[in-house]
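Reader: I have a structure open and would like to walk through it with you. Could we take it one question at a time?

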Amino acid sequence: MTRSKGLVGRLVVGFTGACAFLSVAAVVWIMATIIWGGHTHLTWAFISQVPSEGMTEGGVFPAIVGTFFLVVIMSLVGVPVGTITAIYLSEYVGRQSKMAQVIRFAVNTLAGIPAIVFGLFGLGFFVQFSGNSLDKIFYHGALHWAQPNILWASLTMALLTLPVVIVSVEEAIKTVPQDLREASLALGATRWQTIRKVVLPGSMGGILTGAILAVSRGAGEVAPILFTGAAYFLPQLPHRFTDQFMELGYHVFIMTTQSTDVEKTLPIQYATTLVLLLLTFTLNFSAIALRARIRRRRVAA
Amino acid sequence: MAENENDLKITVRKLNLHYGPKHALHDVNIDIRANRVTALIGPSGCGKSTFLRTLNRMNDLIDSARIEGEVKVDGEDIYADGMDTVDLRKRVGMIFQRSNPFPKSIYENVAYGPRIHGMTNKAEMDALVEKSLRQAAIWDEVKDELNKSALALSGGQQQRLCIARALAVEPEVLLMDEPASALDPIATSKIEELIYELKERYTIVIVTHNMQQAARVSNDTAFFYMGRLVEFDATEKIFTKPKEKQTEDYITGRFG
C-alpha cells in the first residue's frame, strides 16, 4: 500500500475512515443505550414473571417462552426442509445444472422478499386458506384453525428463514471431499447410503450453523408474526398449536406504541430489548464460531 | 493370449468413451486374466484411469460421460440394462490414487462396506475386520488402536487401510488407480509386496506411472496412448521386445 501524502489524499483517507467508523459508532451507541437503560431492570424476577398492570410492571416470561416455542417449531420444520433442499441441490441434480440454477434463483428471491410480505402471505395462505380448509374438513366450519396461532406463525417464519438454512447446509455439503463419496460408492453403497453415512455426518456443523442462524433471524423478526399468531397481551403460555403467543420483538413494538404510561413502561422496554439482543447475539456468535471451526477443518483436510 | 476362456475375468470389446465432445477412449479391446496383475501404463491423459473406471462404472458419476461397447465381468455385460451397480461394485472393488479413509475409526472404516451390505453380527464383523486388516498387511500396526481415527495414520498406512476396507466387501477384482503415487519408497514397496500377495486370490488391474513398478508387480501390461490401447501383452514381452514403436519409445523414456 502506498501512502498518499497530499492534502487531497489525507482528506480521502479521513473521509473514508469516518464513514467506516459510522457502523462501529452505531453498534456502540445502540448497545450502550440499551444496556444503560435496561441493565438495572434485568433481574430474575423480570425474566420469570408475567407482565402486569397494563404492562407497566412485571416481567416478560410469556414472551420469552413464546419466542422459544416459535423458534423451536420453526426449526423443526425449516431445518429438515432446508437440509433436504440443499441435499437435492448438491447431491442429486448437479450443482451447475439448469434445475439447480432455477431453484437457487428461487431461494435467492425468497431471501429478498420483505418480511412484512411473508406476514401477509402467512395470513392469506396459512391462516385463511389452510385454516379454513382444515376447519371445513374436520370441524364442519367451526373456528379452530382459521385464526392466528403459533403454528401458522412458526410456519411463516420457517419460510422466511428457509434460505438461510439452505445456503449454510449447501456450503457445508460442498466441504465434504468428493474422494469420500467415491470411496463409499466404490464399496457398493447406494447414493442415499452415501448421503446418510458420509455426506450428512460431514455436514453436521453446517446444518447446526444454519439452524442457529435461522433461529437468530427468526427470533429477531416481528413482521411475519404480526398477523399470523403474536398476541398483544396473553398471560398464559401457549399449550396447543391453535393458541396465540407473546413474543419478545412484538412485545417491544407493543410497549413502544400502545403504552398507557410511558414513564413506567420505559425501563421494561429497555430490559426487554436487552433480552432480545442478548438472545440473538448469543445465537449469532455461536453460529460464527461453529462456522469458523468447520472452515478450519476444511483447510486442515 | 487367451489360452483358456475360463481364465478370463474381464473382457472388453470395442469400448468407446466420450466426455462431452472429447473422445477419451477409442475402440478398446482387452482380455484381463483372472488371478493375475494387469498393469495399465501410458503418459498422463492417455485414458488409462478413465478405462479403469469403466470397469466398475465409476464414470457413471460424471454426467457428460457417454459409453459404447461391451465390458463383461465373468461373461456378464456390466453395461446391460438392469445391471445393478451396487452388486457390480461389491464384486469389483477400487483403490484410489489419494488414500481416502472416512473420518471415522479404523474399525469403522473397514466395517463400512459389510455394514451397508447388511452384516450386523458383531462377532462376524470383528472377524472380518481382522481378516481384512491382516490381508492388507496392516493388522500388526493397528490391532491395539482400532478405535483410533483413521486420519491419524500415516499416508502409507491409510492406503493399506483403504485396501483392507475394499477387501472387507470380499470382491473378486481390485482396481487400483496409482495406489502408491503419493507414497514414499518404503510405503510403496509395502504396497507392492501386498499386491504380489493379493493376486493369489484377486484379479488386480493397476494403473501406474511408474515403469519399474509395472515391471515388478504385473503379469500383463497394457500400453495406452491418446485414448487407444496401443499394445497389450505379457509384461516381460512389453518390456523386452515390444512390437510397437510407440510402446518402445515410451518404456525407454523417449517421451511421456
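What follows is a friendly exchange of questions and answers about this predicted model.

Reader: Let's begin with the overall make-up of chain A: how many helices does it have?

Author: Happy to start there. Chain A runs α-α-β-β-α-α-α-α-α-α-α-α-α from the N terminus on. Its C-alpha atoms fill a box of roughly 80 × 70 × 35 Å along the principal axes. Next to its two strands, the count of helices in chain A is 11.

Reader: Which element gives the most residues to the largest nonpolar core?

Author: That core has 55 residues, and A:Met74, A:Trp152 and A:Ile225 have the most contacts inside it. The elements of chain A that give two or more residues to this core are H3, H5 (115-139), H6 (150-174), H8 (191-220), H9 (223-226), H10 (248-258) and H11 (262-300). With 12 residues, the one that gives the most is H6(A).

Reader: Is A:Leu76 buried or exposed?

Author: Good one to look at on the screen. A:Leu76 lies in helix H3 (residues 61-92) of chain A. Together with A:Phe68, A:Phe69, A:Val72, A:Val77 and A:Val81, A:Leu76 forms a nonpolar patch on the surface, with about 500 Å² of accessible area in total. In general, nonpolar side chains of soluble globular proteins tend to be buried together. Here the relative accessibility is 61%, and because the cut-off is over 50%, A:Leu76 counts as exposed.

Reader: How many of the nine residues of helix H7 of chain A are buried?

Author: For the chain as a whole, 45% of the 301 residues of chain A count as buried. Within H7(A), which spans residues 178-186, the buried residues are A:Leu180, A:Arg181, A:Glu182, A:Ala183, A:Ser184, A:Leu185 and A:Ala186. The helix is mostly covered, and the number of buried residues is seven.

Reader: Two residues other than glycine caught my eye for their phi, A:His140 and B:Arg57. Which of them is buried?

Author: Most residues other than glycine have a negative phi. A:His140, in the loop between H5 and H6 of chain A, has a positive phi of about 50°, and at 78% relative accessibility A:His140 counts as exposed. Phi of B:Arg57 is near 60°, and this residue sits in the loop between helix H1 (48-54) and strand E4 (65-73) of chain B. With a relative accessible area of 14%, under the 20% cut-off, the buried one is B:Arg57.

Reader: Over in chain B, what is the bridge partner of B:Leu17 in E2(B)?

Author: Strand E1 (residues 8-19) and strand E2 (residues 22-33) of chain B pair in the antiparallel sense over eight bridges. They form a hairpin with two residues between them, and B:Gly20 in the turn has a positive phi of about 55°. Follow B:Leu17 across to E2(B), and the partner is B:Leu25.

Reader: Last one, on the cysteines: how many disulfides are found over all chains?

Author: A disulfide is a covalent bond between the sulfur atoms of two cysteines. Cysteines in this model include A:Cys19, partly exposed with a relative accessible area of 38%, and B:Cys162, buried with a relative accessible area of 4%. A disulfide needs a pair of cysteine sulfur atoms within 2.5 Å. A search of the whole structure gives a disulfide count of zero.

Definitions and conventions: Residues numbered from 1 in each chain as written. Chains lettered and ligands numbered in written order. Heavy atoms only, no water. Pairing = 2+ DSSP bridges. Helix = DSSP H or I, 4+ residues; strand = E, 2+ residues; numbered from the N terminus. Buried < 20%, exposed > 50% of the residue type's maximum accessible area, 1.4 Å probe, protein only. Patch = residues over 30% accessible without salt bridge, like charges linked within 9 Å, V, L, I, M, F, W, Y side chains within 5 Å. Areas by Shrake-Rupley, 256 points an atom, 1.4 Å probe, with all protein chains shown as cover. Salt bridge = Lys/Arg side-chain N within 4 Å of Asp/Glu carboxyl O. Core = buried A, V, L, I, M, F, W, Y, C linked by side-chain atoms within 4.5 Å.
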